[in-house]
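Here's a quick briefing to read alongside the coordinates. Have a look at the model first, then we'll go through the ligand sites and a few residues.

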Amino acid sequence: MKGLKLCYAKINLAFAVILHFAFKKWFRRRGLTHFLKAYQKDRVFPLLGEERQKFSSYSNCIFCGLCVSQCEVTDLNFYQKFLTPANIAFSYTKSLPEVSSNIDFVAHCSSCRACEKVCPTGVPLNSILQFVKAHASF
Amino acid sequence: MVVIGSGLSGVMAALRASSQGKKVAVVRKGWGASALTGGVFEISETSLSKTKEDNPTHPYHLLDLEVLPTAFELFKKYFPLKVQGSYTENHLFLSDMGMVRRAAFAMESQFLDFRTVGRKKVLALGVHPLHSSFGNFSGDFLGGEQVTFASLPWFQETPLLPSMVAKKLDHPDEVRKLAQQIKSKFQLHPYAILLLPPVLGFDFFSDMKRELEHHLGLPVYETVATYHSVPGLRFQKALDASLHKASIPIIQGKVKNFEHQKKKITLLRVCDESSPQLNETTLEADTFVLATGKFFSGGIQKQKEFLETVFGLPLFFENEPIHNWESQKLLKKKFFKSQPLFQCGLKTDKNLIPLNEFGEMCFENVRACGTILQGFDPTHDGTRFGVQLLSGYKAGDMAV
Ligand SMILES: Cc1cc2nc3c(=O)[nH]c(=O)nc-3n(C[C@H](O)[C@H](O)[C@H](O)COP(=O)(O)OP(=O)(O)OC[C@H]3O[C@@H](n4cnc5c(N)ncnc54)[C@H](O)[C@@H]3O)c2cc1C
Ligand code: SF4
Ligand code: SF4
């Protein structure tokens with residue numbers, strides 16, 4: 001009884017393998033571009049090694065809110081959809097970069113670096129904002 | 001003289017030295033814990049002598065308490081905001097979390113001493129998503145029906161952080177809208193005083209307070225801030241302004257390293273990471289004042305061990321060196337004492353010169369002042385304003 005079951009399972013597996021290879025030949029969808037396209041709507045993208053190294057300093061934000069008081073763009077966009085530099089920096093204290101939710105803000109950011117000048121924990125806000133800008137446009 | 005750090009103590013040191021004709025510059029990498037203060041300023045929870053008695057390593061033992069009025073007068077000469085209070089007694093203020101804080105001084109817009117309220121009724125408003133935390137417990141504390149807590153949905157669609165709400169309220173039109181909402185939602189005639197969270201304007205808050213009082217016809221005060229504090233931001237901006245008024249330059253940048261000859265610091269290398277060219281400046285001076293604060297501002301850090309960050313000086317808790325303590329030991333709380341972690345700091349001699357484990361001077365031309373000193377907890381201690389002011393004053397004085 002046991003041997004029969006095993007035999008049946010193996011035949012099934014072999015059938016699946018043959019089917020897989022046969023169909024793979026016809027529906028070939030591989031490669032980085034295809035992969036990225038599939039994940040584009042979730043805004044998943046590959047990170048370069050050097051970018052990954054910067055993440056330890058990106059994650060220093062303690063959400064004290066001091067940088068917000070210096071940002072003129074935050075003031076100007078008051079009645080529109082916006083985020084603050086603090087919210088962007090704070091989102092990098094979590095594991096995955098939340099680029100998607102930050103795009104609206106960085107479009108307005110003028111890279112004046114006023115926010116970075118007051119940060120007590122030395123978060124490289126400008127380099128975070130550049131990172132978001134670079135990945136927001138694809 | 002070069003002062004490192006532009007918090008309250010650093011500014012005080014710089015003002016004192018420059019008032020005596022010394023050439024001073026302030027270096028800072030950013031803002032520090034002074035930008036988080038709630039707007040009230042404490043000198044001592046009980047009496048000064050009791051504070052000294054209870055805590056044998058408290059910085060007050062090194063400082064001359066008599067000069068407090070002189071130091072405060074000098075500070076007020078340059079500081080653009082109005083601070084009210086008295087040296088001799090503590091006042092009671094309500095915080096936006098609904099707790100009562102005792103302090104000697106408060107900013108003008110927050111100076112509502114609860115002992116003077118008497119039988120009058122107070123309406124305390126929370127701004128809905130921001131400060132919905134007005135609890136009943138403080139209502140009970142203050143005598144039940146005396147204070148009515150309520151929240152206001154006015155900011156529901158916009159606010160993220162109090163500083164943004166405050167900036168929005170810097171315009172008289174917005175204040176008028178807020179006044180209309182308050183009038184339509186509440187019957188104001190039973191109340192004698194209106195308490196708002198500290199978001200009433202950022203740069204023009206005294207004007208906006210008057211504007212709102214004019215619309216509502218009753219006195220308006222702000223509570224003491226806790227988290228994301230607008231009064232702290234106003235305070236730090238005013239500190240920057242007082243440096244400007246005294247023509248003391250602020251150099252933006254982090255002190256990266258230094259050079260010394262025997263026990264004398266000769267120069268500092270300062271690197272401005274927030275400028276595109278990463279330019280490095282060197283600063284030479286006779287005296288260096290270390291006013292870099294504790295953990296929040298980065299004056300003390302744990303890397304491999306707990307150390308002061310600029311000159312690598314050793315840290316102490318109750319005169320005991322802590323550099324090889326485990327973190328857990330620092331977090332352990334004894335019944336009558338607060339945690340060592342927030343109390344640790346530099347051990348100094350009478351002239352505020354930092355000492356090493358053997359009781360010798362580390363560098364003879366360095367003075368330490370402010371929160372970086374050992375023996376008091378800047379987040380809980382009811383003595384922080386007094387310590388900052390006096391130690392800053394003394395460090396500036398000694399440097400001349
Ligand atoms: C959450 C919180 C709430 C508080 N609330 C109150 C309150 O309500 N009332 C009150 O009286 N006190 C309050 N305090 C305490 C208050 O922070 C202190 O009383 C005081 O303002 C600190 O002043 P300071 O000058 O010692 O240091 P800080 O204000 O911390 O200044 C340190 C300065 O040193 C600079 N610095 C640090 N390292 C370097 C470096 N390597 N190179 C260059 N610059 C450097 C920093 O950029 C900063 O400018 C609070 C503290 C905290 C953390
Ligand atoms: S980026 Fe810096 S200033 Fe802004 S909230 Fe974070 S720690 Fe504070
Ligand atoms: S660099 Fe961008 S986020 Fe920072 S203060 Fe300037 S506009 Fe605001």
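Where does the space taken by ligand 2 rank among the cavities? It is the second largest cavity, while the largest cavity is the space taken by ligand 3. Keep in mind that this is a predicted model, so to speak a computed picture throughout.

**Ligand 2 and ligand 3**

- Ligand 2 has 13 residues around it, and the closest are A:C61, A:C64, A:G65, A:C67 and A:C119.
- Sort the shell of ligand 2 by class and you get 11 nonpolar residues, 2 polar ones and no charged ones.
- Ligand 3 is surrounded by 11 residues, with A:C71, A:C109, A:C112, A:R113 and A:C115 the closest.
- The shell of ligand 3 splits into 8 nonpolar, 2 polar and 1 charged residues.

**Ligand 1**

- Over in chain B, the residues that come nearest to ligand 1 are B:S9, B:S34, B:G38, B:S297 and B:T371, out of 32 around it.
- The side chain of B:S297 has an N or O atom 2.3 Å from an oxygen atom of ligand 1.
- For the side chain of B:S34, the corresponding distance from an N or O atom to an oxygen atom of ligand 1 is 2.6 Å.
- B:A33 gets in on this through its backbone: one of its backbone N or O atoms sits 2.9 Å from an oxygen atom of ligand 1.

**Chain A as a whole**

- Chain A has 8 helices and 0 strands, so its pattern along the sequence reads α-α-α-α-α-α-α-α.
- Chain A has 138 residues, and 36% of them are buried.
- Take the contacts in chain A between residues at least 6 apart in sequence: 66% of these join residues at least 24 apart.

**A:N126**

- You'll find A:N126 in helix 8 of chain A, which covers residues 125-136.
- A:N126 counts as buried because its relative accessibility is 9%, and the cut-off is under 20%.
- Setting aside neighbours within four places in sequence, A:N126 is in contact with A:S111, A:R113 and A:E116; one of these, A:R113, is also among the closest residues to ligand 3.
- A:C115, another of the closest residues to ligand 3, is 11 residues from A:N126 in sequence and 8.4 Å away in space, C-alpha to C-alpha.

**B:S6**

- B:S6 belongs to the loop of chain B that runs between strand 1 (2-4) and helix 1 (8-19).
- With a relative accessible area of 4%, B:S6 falls under 20% and is therefore buried.
- The side chains of B:S6 and B:R28 make a polar contact at 2.8 Å.
- Beyond its neighbours within four places in sequence, B:S6 is in contact with B:V11, B:V26, B:R28, B:G30, B:Q236, B:L239 and B:D240.

**B:E45**

- B:E45 is another loop residue of chain B, placed between strand 3 (40-41) and helix 2 (48-54).
- Buried, exposed or partly exposed: which one fits B:E45? Its 45% relative accessibility lies between 20% and 50%, so B:E45 counts as partly exposed.
- Leaving out neighbours within four places in sequence, the contacts of B:E45 are B:N90, B:R102, B:H380 and B:G382.
- B:R384 is 339 residues away from B:E45 in sequence, yet the C-alpha atoms are 10 Å apart in space.

Definitions and conventions. Residues are numbered from 1 along each chain as its sequence is written. Chains are lettered from A and ligands numbered from 1 in the order in which they are written. This is a predicted model: local features need pLDDT of at least 70, side-chain atom pairs count only at pLDDT 80 or more; totals for chains, interfaces and linings use all residues. Side-chain values use heavy atoms; hydrogens and water are left out. A residue is near a molecule or strand if one of its heavy atoms lies within 4 Å of it. On a 1 Å grid over the protein atoms alone, a cavity is a set of points where a 1.4 Å probe fits but cannot get out, and a pocket is an open set with protein on both sides within 12 Å along at least five of seven lines; lining residues have an atom within 4 Å of a point. A molecule sits in a cavity or pocket if more than half of its atoms lie within 2 Å of its grid points. Ala, Val, Leu, Ile, Met, Phe, Trp, Tyr, Cys and Pro count as nonpolar, Asp, Glu, Lys and Arg as charged, and the others, Gly among them, as polar. Helices (H or I, at least four residues) and strands (E, at least two) are DSSP runs, numbered from the N terminus. Buried means under 20% relative accessible area, exposed over 50%, partly exposed in between (1.4 Å probe, protein chains only). Contact means heavy atoms within 4.5 Å. A polar contact is a pair of N or O atoms within 3.5 Å; within protein, one must be able to donate a hydrogen and the other to accept it, and residues adjacent in sequence count only if both atoms are side-chain atoms.
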